[in-house]
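Student: I would like a close look at a single part of this protein. Please take one buried spot, then work outward from there.

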Amino acid sequence: MTELFPEPLRHELTRSQMDRILLWCVEKRASDIVFCPGDPVWMEQDGVWRRVTDAGLTPSETERIVNETTMQASRAGYVRSGRSTDYAYQTRVPESRGVWQRFRVNATSTSKGIYIVMRALPRAIPTLGDMEGIGDSLRRALYPASGLVCVSGVMGSGKSTLLAAVIRTGLSGAAAGRQVLTLEDPIEFDFTGVGASQREAPIAQSQIHTDVPDWPSGVRSMTRRKGEIVMVGECRDRETLSALLSCAEQGVTVYTTVHAQDVPQTVTRMVDAFPWTERAQAASVLRANLRLIVHQRLVPRVRTEEDVRAGVPGRVALREYLAFGEDERQYLYTVPLQDLIPAVRRLVTGRGHSLLADAREKYREGSISRPVLAAIEQEQARSGDGA
């Protein structure tokens, strides 16, 4: 039987009760909480959707949530006009001193009314030490002196969390003494709590539409502000990618995320952002500046009842990665554009760490089940990586 939020849902839903629902969901290890008119509140827990309330929400309630969580009385009207909005929301954790729970929020108009999904963010900025499966070779590759580092995966695969851990760890390690600038929509992990005594250079975060008008102009401003390490939340179009590559060519270390299914597709996804007539030149610049691609996905973890009681996460990260050294870049210069995917796939299998190899390691460790491994094996066989 599904465990429900212990209070009856009151109409009209107040912000106070909404906060209690959110914090209850976080205690249950929810990754996302959804508020949709005509439906109960839902949460995604270890990759499975579960009902949180018996009663459904009304359209006016989700509109009220948007207005109150953005602190803009007309924001719901903006969303109803067909313009999706992204923002951050936080609520104080009761009976704690200075502890806040942050959420990344998207509100979108639907045929039912305004649909809201809130992604729960870790209360503390993670470090690489908090992340499973980050070996020494990957850790070293995550901190190049300059160039482009991409983290790819589908929505909800932990890309932003991994990048936050890279930045946080680097502030007192491999990236110490270099100014860090981030560009996000919205700002997910607040680095203002990392005091000057914990780092050796400035760090500043900017939000799209609040601090800068758009992604490309925000990226271009980073070199003018002497950004030495820049993190851009998402590489979503040609203009942003061009600006990122320009930063990398100027000796900046650039981190970003890309929606893609594996390392080879990450490369072509970036190249395909350009018009056909520009792709050969874009691929050439990309080859020169790529330093690392990490692809990450979350799969169900094998857990005992004791693991569940101890709060062990229900999903484990599988990672595929390829570091682009001088040899790899020189090899790719000889590859025609149409052969880029199989060429990168050969490099991943021969010189990197493939998703299949990582899945087999996790299976031997007992972290994933045989059916999960079999699904990865079938997928990789279809893509040409059956090694």
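Tutor: Start with A248, which counts as buried because its relative accessibility is 5%. The cut-off for that label is under 20% relative accessible area. Keep in mind that this is a predicted model. A248 sits in helix α7, residues 238-249. What does A248 touch, once neighbours within four places in sequence are left aside? The contacts are G147, L148, V254 and N289. For a sense of distance, take S221 as a marker. A248 and S221 are separated by 27 residues in sequence, and their C-alpha atoms lie 14 Å apart in space.

Now set G350 against it. G350 belongs to helix α12. Its relative accessible area is 63%, so G350 is exposed. The cut-off here is over 50%. G350 and E278 are 72 residues apart in sequence, with 30 Å between their C-alpha atoms.

Helix α12 (340-351) leads on to another helix, since α12 is among the elements that cover the buried residues of α11. Helix α11 runs over residues 326-333, and E328, R329 and L332 are buried in it. Look down the axis of α11: the buried residues fall within an arc of 95 degrees, so they line one face of the helix. The cover over them also includes α9 (279-289), β12 (290-300) and β13 (315-323).

L332 has a second role to note, as one of the residues lining the largest cavity. The structure holds 3 cavities of 30 Å³ or more. The largest has about 60 Å³ of space. Along with L332, its lining consists of V267, V271, A283, L286, R287, L290, F324, L340 and V344. Three elements give two or more residues each to this lining: α8 (263-271), α9 and α12. The biggest share comes from α9, with 3 residues. By class, the lining has 9 nonpolar residues, no polar ones and 1 charged.

Next, an open space. The second largest pocket holds about 580 Å³. It is lined by 21 residues, and D86, Y87, A88, Q207 and T210 are the closest to its centre. Elements that supply at least two lining residues each are α2 (59-70), α3 (75-80) and β4 (85-92). Here β4 gives the most, with 6 residues. The classes in this pocket lining are 7 nonpolar, 9 polar and 5 charged.

Finally, step back to the whole chain. The protein has 14 helices and 13 strands. Of its 387 residues, 50% count as buried, and A248 is one of the buried residues. Contacts can also be sorted by sequence separation. Among those with a separation of 6 or more, 61% join residues 24 or more positions apart. The C-alpha trace spans about 65 × 50 × 45 Å along its principal axes. Why does the overall size fit a compact globule? A compact globule of 387 residues would have a radius of gyration near 21 Å, and the protein has 22 Å, which agrees.

To retrace the route: A248 is buried in the model, while G350 is exposed. From α12, the path went to the buried face of α11. L332 then led to the largest cavity.

Notes
Residues are numbered from 1 along each chain as its sequence is written. This is a predicted model: local features need pLDDT of at least 70, side-chain atom pairs count only at pLDDT 80 or more; totals for chains, interfaces and linings use all residues. Side-chain values use heavy atoms; hydrogens and water are left out. Buried means under 20% relative accessible area, exposed over 50%, partly exposed in between (1.4 Å probe, protein chains only). Helices (H or I, at least four residues) and strands (E, at least two) are DSSP runs, numbered from the N terminus. The arc is that of the directions from the helix axis to the C-beta atoms. Contact means heavy atoms within 4.5 Å. On a 1 Å grid over the protein atoms alone, a cavity is a set of points where a 1.4 Å probe fits but cannot get out, and a pocket is an open set with protein on both sides within 12 Å along at least five of seven lines; lining residues have an atom within 4 Å of a point. Grid points are joined across faces, edges and corners, and a volume is the space filled by probe spheres set on the points. Ala, Val, Leu, Ile, Met, Phe, Trp, Tyr, Cys and Pro count as nonpolar, Asp, Glu, Lys and Arg as charged, and the others, Gly among them, as polar. The radius of gyration is taken over C-alpha atoms; the globule rule is 2.2 Å times the number of residues to the power 0.38.
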